[in-house]
Each structure stands twice: as C-alpha cells, then as structure tokens.
Amino acid sequence: MLNIVLFGPPGAGKGTQSEKLIASRSLIHLSTGDLFRRSIKNETNYGKKAQAYMDKGELVPDDVVICMVEEKIKNHLDGRGFIFDGFPRTINQAKALDKMLEGYHLSISGMIALEIPEEELKKRIRGRFKVSGRTDDQDEAKIENRIAVHNKETTPVANYYKSQNKFNHIDGMGSIEEVYHKIDAIISNY
Ligand code: AMP
C-alpha cells in the first residue's frame with residue numbers, strides 16, 4: 001500500500017494535486033477538511049463538534065479528527081493506499097496515525113511538503129472562494145488565522161517525518177502539471 005501525506009499550508013494546492021494523484025494511482029483521498037464539510041452538511045456528530053472551530057479557522061480537537069480518520073481508514077483497507085490531505089496537522093495526530101496504521105501492518109510511505117510564499121497562498125485562497133464558496137476562504141481574518149495556525153501548530157509535523165527520513169519538499173509555485181510531475185517523481189521512488 002502507498003500511503004502518502006501531502007503537506008502544506010492552506011491554499012498550497014493539496015486538494016488539486018490529490019485529485020490528480022487519486023486518478024493516476026487509484027488511491028483513496030482522505031481530506032479531513034472535506035470530511036468535516038460533508039459532516040456539517042449532513043449534520044452528523046463530527047460536523048457538530050467541528051463547526052465552531054472551522055468557523056474560526058482553528059484546529060478541530062485531535063480526538064475528534066483522529067476518530068473520524070480511523071473510521072475512514074477502516075472502511076478502505078482493501079484499496080491501494082491513501083493520500084492524506086490536511087492530516088496530520090499536529091504531532092499528536094501524526095503519532096496517532098502511525099499507531100493506527102501499525103495496527104493494520106501498514107505505514108506512511110512518505111511525506112511531500114508543498115512550499116509556497118504566504119502572499120501567493122492568500123491570493124489563491126481568495127480566488128478559490130469564488131469556486132468553493134467556503135466561508136473560511138472569504139474572510140481575511142480567518143485566512144490570516146489559518147495560515148498562522150499552520151505556521152505555529154502544523155509545521156512541527158514536518159520535523160516528525162524528517163526524524164523518520166520520510167520528508168520530501170518541492171516548490172509548489174509552478175503550473176498544476178509541473179507540480180504534479182514533481183510529486184509523481186518522488187512517489188515513484190517510494
Ligand atoms: P482544510 O480543508 O484542510 O483547509 O480544512 C478546513 C478546516 O477544517 C481547518 O481550518 C480546520 O478547522 C479543520 N481541519 C481540517 N483538517 C484538520 C485536522 N487534521 N486537524 C484539525 N482541524 C482540521
């Protein structure tokens with residue numbers, strides 16, 4: 001199984017690149033943001049627990065996220081693997097993911113971090129709002145907060161994968177195709 005963590009701040013292109021990778025490599029897309037948005041729409045318990053945090057651009061508590069991810073993994077163990085998009089976002093989540101996968105004799109193949117300057121992120125998120133309609137993509141203060149939360153709470157996750165020699169990074173500034181080919185080349189070595 002190929003299990004990839006696609007890492008990067010909001011607006012880095014994780015969702016776009018995940019879509020291309022799931023098509024080319026038949027992987028399961030596990031985006032915790034998408035799962036939460038669907039849960040909110042369907043008024044499930046996960047949605048109710050997540051909404052207030054998402055509205056502020058804060059992280060949803062680890063226990064809620066981990067539980068939801070475990071459910072999704074359990075239901076797709078017969079697949080070719082997962083693209084984790086927007087997860088893990090804390091060291092706690094990264095450790096829980098390792099433990100979860102270990103329980104199924106699986107592991108993370110590698111992490112690929114997309115690097116983008118902050119001004120470009122904001123530009124992309126503002127542009128995305130026109131398509132996504134996401135309220136957290138519209139409000140300038142929420143965008144700022146999400147990037148700040150990423151820098152403070154999520155960047156340490158990269159060190160976690162560095163310590164396991166699973167960290168790769170690429171310049172995320174090219175065209176969608178260019179970035180995709182760089183990611184694909186890394187995955188081919190896993
Ligand atoms: P995203 O679509 O990945 O940008 O996520 C949108 C929002 O969902 C984030 O701003 C968080 O509020 C929440 N969220 C998504 N994934 C996680 C996660 N792994 N841990 C905590 N909160 C998350």
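Biologist: Where does the ligand sit?
Modeller: The ligand sits in the largest pocket. A pocket here is an open set of points on a 1 Å grid over the protein atoms alone, with protein on both sides within 12 Å along at least five of seven lines; "sits in" asks that more than half of the molecule's atoms lie within 2 Å of its grid points. This is a predicted model, where local features need pLDDT of at least 70, side-chain atom pairs need 80 or more, and totals for chains, interfaces and linings use all residues. Residues are numbered from 1 along each chain as its sequence is written, and side-chain values use heavy atoms, without hydrogens or water.

Biologist: How many residues surround the ligand, and which are closest?
Modeller: Take residues with a heavy atom within 4 Å. That shell holds 14 residues, with Thr32, Arg37, Glu58, Gly86 and Gln93 the closest. Helix α2 (residues 32-41) gives the largest share, 3 residues; helices are DSSP runs of H or I, at least four residues, and strands are E runs of at least two, numbered from the N terminus.

Biologist: Which polar partners do the ligand's nitrogen atoms have?
Modeller: Look for N or O pairs within 3.5 Å. One ligand nitrogen is 2.9 Å from a polar backbone atom of Gly86. Over at Arg89, a side-chain N or O atom is 3.0 Å from a ligand nitrogen. A ligand oxygen also lies 3.2 Å from an N or O atom in the side chain of Arg134.

Biologist: How much of the ligand does the protein bury?
Modeller: Compare accessible areas (Shrake-Rupley, 1.4 Å probe). Alone, the ligand exposes 480 Å², and the protein buries 96% of that.

Biologist: What about odd backbone geometry, say the peptide bond between Phe87 and Pro88?
Modeller: Check omega for that one: it's about 0 degrees, so to speak a cis bond. Pro88 is in the loop between β3 (81-85) and α5 (91-103). For phi, see Ser26: not a glycine, yet positive at about 50 degrees. Ser26 belongs to the loop between α1 (14-25) and β2 (28-31).

Biologist: And how many helices and strands does the protein have?
Modeller: Count 9 helices and 5 strands. Reading from the N terminus, the order is β-α-β-α-α-α-β-α-β-α-α-α-β-α. Along the principal axes, the C-alpha atoms fill a box of roughly 40 × 40 × 30 Å.

Notes: Polar contact = N/O pair within 3.5 Å; in protein donor to acceptor, adjacent residues only side chain to side chain. 1 Å grid on protein atoms, 1.4 Å probe; cavity = no way out; pocket = protein on both sides within 12 Å on 5 of 7 lines; lining within 4 Å.
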